[in-house]
Amino acid sequence: MIKQEKIGITSFTLHIIAMLTMLIDHMYHTLFIDKIWMNGIGRLSFPIFAFMIVEGYYNTKDVKKYLGRLLIFAFISEIPFDLMISSTLFFPNFQNVIWTFLISLCAITLIEKLKKLYPDNKIKVFFVSGIIIIIAFSLAMTAMTDYLGYGVLTVFTFYFFRGKKWWQMLGQIIMLILLNVFFLGAFSNPFMELGNFEIPLQSLALFSLIIIWLYNGKRGYNNKYLKYSFYAFYPTHMLILSLIMISRY
């Protein structure tokens, strides 16, 4: 009997979409600041990456190595990130997005260990998990990582509402509305006009859920070199865009 493949898009495809939308957004910030539509497209990238961080946790064979890779590339990406946002080699007031993901993943790892330590004490797990999330949120806010503590909460949205049951999808919608319209929207200067209303461009991040829900749980094309090229894309493209931007002025 022929085994049917699941309909949908793979992890490989999600990575490509996330990287392309991020590239378009960063091109807007560095080279095409008058093309506001590019910033709108870029709003799709972060939720997809946040979703993949959670999926990566559940699919990795070694969480410690996963955390280690994020730590290494967080350091590698800092100078290209600083160049892109400030045209300087050192800008301590804002940190790249991998730090946001690293903080989130550390918190998820602690919560999962807590669940294993106290499988019959759900009340203790609940309250200690809440403390861990508050600490992770506060750390991202204090360190001023990209997307701040709201980025951490975005990752936790896909952690707590992981799956495609109606209540999980509803939870994702509600949380992304709260985070992208009411919280992150306040940090977003560009607004869209809809009739007599103005909504933050950041609210377009909600459309990323359509792409995420098409995920079929498969890796797709994958090998070791491809995995590291995905990591390397982040600092590499920022460095190239920054050098082009600086050469213009």
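This report describes a predicted model, taking in turn one helix, the loop that follows it, the nonpolar core, the salt bridges and a few single residues.

## Helix H6 and its two sides

Helix H6 runs over residues 122-143, and its 22 residues should span 32 Å at 1.5 Å a residue, a value with which the 31 Å separation of its end C-alpha atoms agrees. The buried residues of this helix are Val-125, Ser-129, Ile-132, Ile-133, Ala-136 and Ala-140. Seen down the axis of H6, these buried residues fall within an arc of 100°, so they line one face of the helix.

The cover over the buried residues of H6 includes helix H5, residues 97-117, and helix H7, residues 148-160. On the other side of H6, the exposed residues are Ile-123, Phe-127, Ile-134, Ile-135 and Thr-142.

## The loop between H6 and H7

Just after H6, Met-144 adopts a positive phi of about 55°. Tyr-147, which is placed in the loop between H6 and H7, likewise has a positive phi, here of about 75°, although it is not a glycine. Most residues other than glycine have a negative phi. With a relative accessibility of 13%, Tyr-147 counts as buried, because the cut-off for burial is under 20%.

Asp-146 also has its place in the loop between H6 and H7. Asp-146 is buried and yet has no salt bridge, the nearest side chain of opposite charge being that of Arg-43, at 7.4 Å. Since a salt bridge requires a side-chain nitrogen within 4 Å of a carboxyl oxygen, the 7.4 Å between Asp-146 and Arg-43 does not qualify. Leaving aside neighbours within four places in sequence, Asp-146 is in contact with Phe-81, Phe-94, Gln-95, Asn-96, Val-97 and Thr-100.

One of these contacts, Thr-100, lies in helix H5 and counts as buried, at 0% relative accessibility. Residues up to four places away in sequence not being counted, Thr-100 touches Phe-46, Thr-145, Asp-146, Leu-148, Gly-151 and Val-152.

## The nonpolar core

The largest nonpolar core of the model has 56 residues, and those with the most contacts inside it are Leu-14, Leu-70, Phe-101, Phe-156 and Phe-158. The largest share of this core, ten residues, is supplied by H5. In soluble globular proteins, nonpolar side chains tend to be buried together.

Leu-14 can be followed further into its surroundings: not counting residues up to four places away in sequence, it touches Ile-9, Ile-48, Phe-51, Met-52, Ile-211 and Tyr-215.

## Salt bridges

The structure holds three salt bridges. In one of them, Asp-25 pairs with Arg-43, with the closest N and O atoms 2.8 Å apart. Asp-25 lies in helix H1, residues 11-30, and Arg-43 in the loop between helix H2, residues 36-42, and helix H3, residues 45-59, so the pair ties together parts that are 18 residues apart in sequence. Asp-25 counts as buried, at 7% relative accessibility, and Arg-43 counts as buried, at 7% relative accessibility.

Another salt bridge is formed by Glu-55 and Arg-162, whose closest N and O atoms are 2.8 Å apart. Because Glu-55 lies in helix H3 and Arg-162 in the loop between H7 and helix H8, residues 166-183, this pair ties together parts that are 107 residues apart in sequence. Glu-55 is buried, with a relative accessible area of 11%, whereas Arg-162, at 32%, counts as partly exposed. The side chains of Glu-112 and Lys-115 also meet in a salt bridge, at 3.4 Å from N to O. These two residues are three apart in helix H5, so about one helical turn separates Glu-112 from Lys-115. Glu-112 is buried, with a relative accessible area of 13%, while Lys-115 counts as partly exposed, at 37% relative accessibility.

## Further single residues

Ser-87 lies in the loop between helix H4, residues 63-86, and H5, and has a positive phi of about 60° although it is not a glycine. With a relative accessible area of 42%, Ser-87 is partly exposed.

Ala-232 is found in helix H10, residues 224-248, and counts as partly exposed, at 27% relative accessibility. The C-alpha atoms of Ala-232 and Ser-77 are separated by 8.7 Å, although the two residues are 155 residues apart along the chain.

Technical notes:
Residues numbered from 1 in each chain as written. Predicted model: local features only at pLDDT ≥ 70, side-chain atom pairs only at ≥ 80, totals over all residues. Heavy atoms only, no water. Helix = DSSP H or I, 4+ residues; strand = E, 2+ residues; numbered from the N terminus. Expected span 1.5 Å × (residues − 1). Buried < 20%, exposed > 50% of the residue type's maximum accessible area, 1.4 Å probe, protein only. Arc of directions from axis to C-beta. Contact = heavy atoms within 4.5 Å. Lys, Arg positive; Asp, Glu negative; His and termini not counted. Core = buried A, V, L, I, M, F, W, Y, C linked by side-chain atoms within 4.5 Å.
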